[in-house]
Amino acid sequence: MSDVLAARAEIEQEIAGLTLPSTLAAVVAGNVEKPAYSDKVGVEGAGWRTVTWGEYHAQVLDLAAALVGRGLAAHDTVAIMASSRIEHVVADMATVHAGATPMSVYATLAPEQVAYVAGHAEPTVVVLEGRDQLDRWSTALDASGSIRTVVVLDESVLPEGEKYVAWSALVAEGRAARAADPQPLAQRIAAVAPEDPVTILYTSGTTGNPKGVVLTHRNVLFEATTSLRTSRPEGELIWISYLPLAHIAERILGMYIPQINGGHVHLISDPALLVGALAEVRPTRFFGVPRVWEKIKTGVSAKLAAEPDEAKRAGVEAAMAVGLEYVEAQQLGRSPSAELTARFEAMDGAVLSLLRALLGLDRVEWAASAAAPMPLEVTRFFAGLGMRIYDVYGMTETTAAVTAGGPEDFRLGTVGRALRGIEVRLAEDGEILARGPVTTPGYYRQDDATAALLDDEGWVHTGDIGEMDAEGFLKVVDRKKEMIITSSGKNIAPSNIENHLKESPIVGHALVFGEARPYCVAVLTLDPEIAPLVAAKMGIEGAGLAELAQHPAMLAMAQDAVDKANARLSRPEQVKAFELLPVEWTAESEELTPTLKLKRRVVHQKYADVLDRLYAGSTR
């Protein structure tokens, strides 16, 4: 405990008195002409729209001055619903500089959820991208008594009315105001304090109304500092930001750390563009939610399986076996033997580095995963490519990570150990508890929810079940509320079973069900990219997902996936029946969150008839 408190005191001394405006000013001073943010807005094909740190800072200050001039008061809230683009980051930081609190709102929220957030947070200003966002906010804009200014990025859809203003006009307005009198904004910036909110992040609303997590400058700066001490990145930060900026991991990695340490962030509006962006950008660090890593693995595995030259395929497999051995030998800070290092360097130069280059991952010196348990087989696959993927663990309420692995201290299959200055332990029932300066002050205007989250000793009750080994490495089992208890009283973690099922290249998503039932069943979807390729190889041409889901060859492959998973599971965990669905699951179709996690309750409700049929025995 004394070591934890000493590390905490050291970091707190390092960040004492700092805020995001002060750290950004320091970054800009040393990087005025260097690229800061790039996006694809208005750019066709290859190429990026880019602003330097100096240009970015000027836009932040101009917009902040305009907001102050329009009556935005200190501690007011500003809601932003836009894709990941330069203006989104500018609007967020401008709000912070004006002494107010920005809230990036998930662009997938339904109008009634948006209306709830608007009624609860009472924003003074709303920044919207275009027609879709205006439609989602239409009910809220009509009902709200707090919203005085609506800023629209797409001027072609700017509504008429006194409260609506085009983005370009507002920035120009602020530029003129700042030139005429810089003091009002300077006073606001000087008044920003470390304990002030730096953002409010509303959950994506998978169950009930969204809750607004308040995070402070101190939270963010401590998180960034302790995370960097574990990750120990080297060289320049070149980053791809593809998750919504309403997600805490993306904000820490793609927004806050660059404005503390500098770097170049490439913003893309759609995760579907990620593969192309990786090839163009070749980032030096990369964060992927498990589904992203799974998709990359599936694509590589499918190409290897399709390789007609058996000798070449065997050569790649042999190289990957050496890569896995090399990474495994680095666990717990150990050094591989000289003989193993020589073998790895030979295989890396001949095969593995070329494979990483094809993926756009050849310059990555730090790679991580979070947001859901990472399947061990996926981690081992990338270890075979010579990549260490450090699984990290945390939540919005802890300002992202509370545990992580790093180059000097990792163990495959775990989410690492507690970050410096942060305490992590398990409750009697196995729930993961965390405490430290990264802990949220609470939910915005929801004291009851805050009391349920934080106990009297300051521990955050995460709602996740974990296991911790003797050396302090944490493994996340599943969400506490998602654990299945069968009718015979067996406790089962569905995500573990689902990860086994998704090892099949044709399986896109899997959901296992068995609550209060005698056994487990599963609903599966086909991978929309890989399944058609596999089908074509078998001579099944031109079939859509619905047709493929009924095809005997695909059903046989799905059955094989279930059989292979069952062979690795205990009897109560085994899947006794399944159905291959004729649809794809996406955030838009509501089965997934914006970060590609399963919305279990949505699936349970939407496919209740399928689940009933599986238990009735009328499945294949």
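This report describes sheets, buried elements, cavities and two individual residues in a predicted model.

## A three-stranded sheet

Strands β8, β9 and β19 form an open sheet in that order, and their pairing is antiparallel. Because β8 (197-202) and β19 (442-443) stand at the edges with a single partner strand each, one side of each is left without a neighbour in the sheet.

The link between β9, which covers residues 212-216, and β19 consists of two bridges, with the two strands running antiparallel. Within this link, Val213 has Tyr443 of β19 as its bridge partner.

## A four-stranded sheet

A further open sheet is built from four strands in the order β17-β18-β20-β21, again with antiparallel pairing. Its edge strands are β17 (423-426) and β21 (474-479), each of which pairs on one side only, and the twist from one strand to the next averages 45 degrees.

At the β17 end of this order, four bridges join β17 to β18 (residues 431-435), and the two strands run antiparallel. One of the residues taking part is Glu423, whose bridge partner in β18 is Arg435. As a general point, the strands of a sheet pair through backbone hydrogen bonds, in either a parallel or an antiparallel manner.

## Strand β1 and its two partners

Strand β1 (residues 35-39) is largely enclosed by the rest of the structure, because four of its five residues are buried. Four bridges connect β1 with strand β2 (residues 49-52), and this pair runs antiparallel; here Ser38 stands opposite Thr50 of β2.

Strand β1 is also joined to β11 (residues 264-267), in this case by three bridges and with the strands running parallel. Asp39 has Leu267 as its bridge partner in β11.

## Helices α10 and α16

Helix α10 (residues 248-256) is largely enclosed by the rest of the structure, since nine of its nine residues are buried. The buried residues of α10 include the charged side chains Glu250 and Arg251, and among the others are Ile248, Ile252, Leu253, Met255 and Tyr256.

In helix α16 (residues 376-384), the buried residues are Val378, Thr379, Phe381, Phe382, Ala383 and Gly384. These buried residues pack against three helices, α13, α14 (310-328) and α15 (338-359), and against strand β14. After α16 comes Gly386, which has a positive phi near 85 degrees.

## Cavities

The structure holds three cavities of 30 Å³ or more, and the largest has a volume of about 100 Å³. Its lining is made up of 13 residues, of which Ile389, Asp391, Arg411, Gly413 and Thr414 are the closest to the centre. Strand β14 (residues 389-395) gives the most to this lining, contributing three residues. Sorted by class, the lining of the largest cavity has six nonpolar, five polar and two charged residues.

The second largest cavity contains about 50 Å³ of space, and its lining consists of Glu294, Lys297, Thr298, Pro375, Val378, Asn499, Lys502 and Glu503. Helix α13 (residues 290-306) gives the most to the lining of this cavity, with three residues. By class, the lining of the second largest cavity divides into two nonpolar, two polar and four charged residues. Val378 thus belongs to this lining and is also one of the buried residues of α16.

## Two buried residues: Ile296 and Thr124

Ile296 lies in helix α13, and it counts as buried because its relative accessible area of 13% is under 20%. Leaving aside residues up to four places away in sequence, Ile296 touches Leu278, Leu359 and Phe382; Phe382 is itself among the buried residues of α16. Val364 is 68 residues from Ile296 in sequence, and their C-alpha atoms are 15 Å apart in space.

Thr124 is placed in the loop between α5 (111-121) and β5 (125-128). Although it sits in a loop, Thr124 counts as buried, with a relative accessibility of 7%. With residues up to four places away in sequence again left out, the residues that Thr124 touches are Leu72, Asp76, Thr77, Ser146, Ile147, Arg148 and Thr149.

Notes
Residues are numbered from 1 along each chain as its sequence is written. This is a predicted model: local features need pLDDT of at least 70, side-chain atom pairs count only at pLDDT 80 or more; totals for chains, interfaces and linings use all residues. Side-chain values use heavy atoms; hydrogens and water are left out. Two strands pair if DSSP finds at least two bridges between them. On a 1 Å grid over the protein atoms alone, a cavity is a set of points where a 1.4 Å probe fits but cannot get out, and a pocket is an open set with protein on both sides within 12 Å along at least five of seven lines; lining residues have an atom within 4 Å of a point. Grid points are joined across faces, edges and corners, and a volume is the space filled by probe spheres set on the points. Buried means under 20% relative accessible area, exposed over 50%, partly exposed in between (1.4 Å probe, protein chains only). Contact means heavy atoms within 4.5 Å. Axes are lines fitted to C-alpha atoms, for helices over the stretch in contact, and angles run from 0 to 180 degrees between N-to-C directions.
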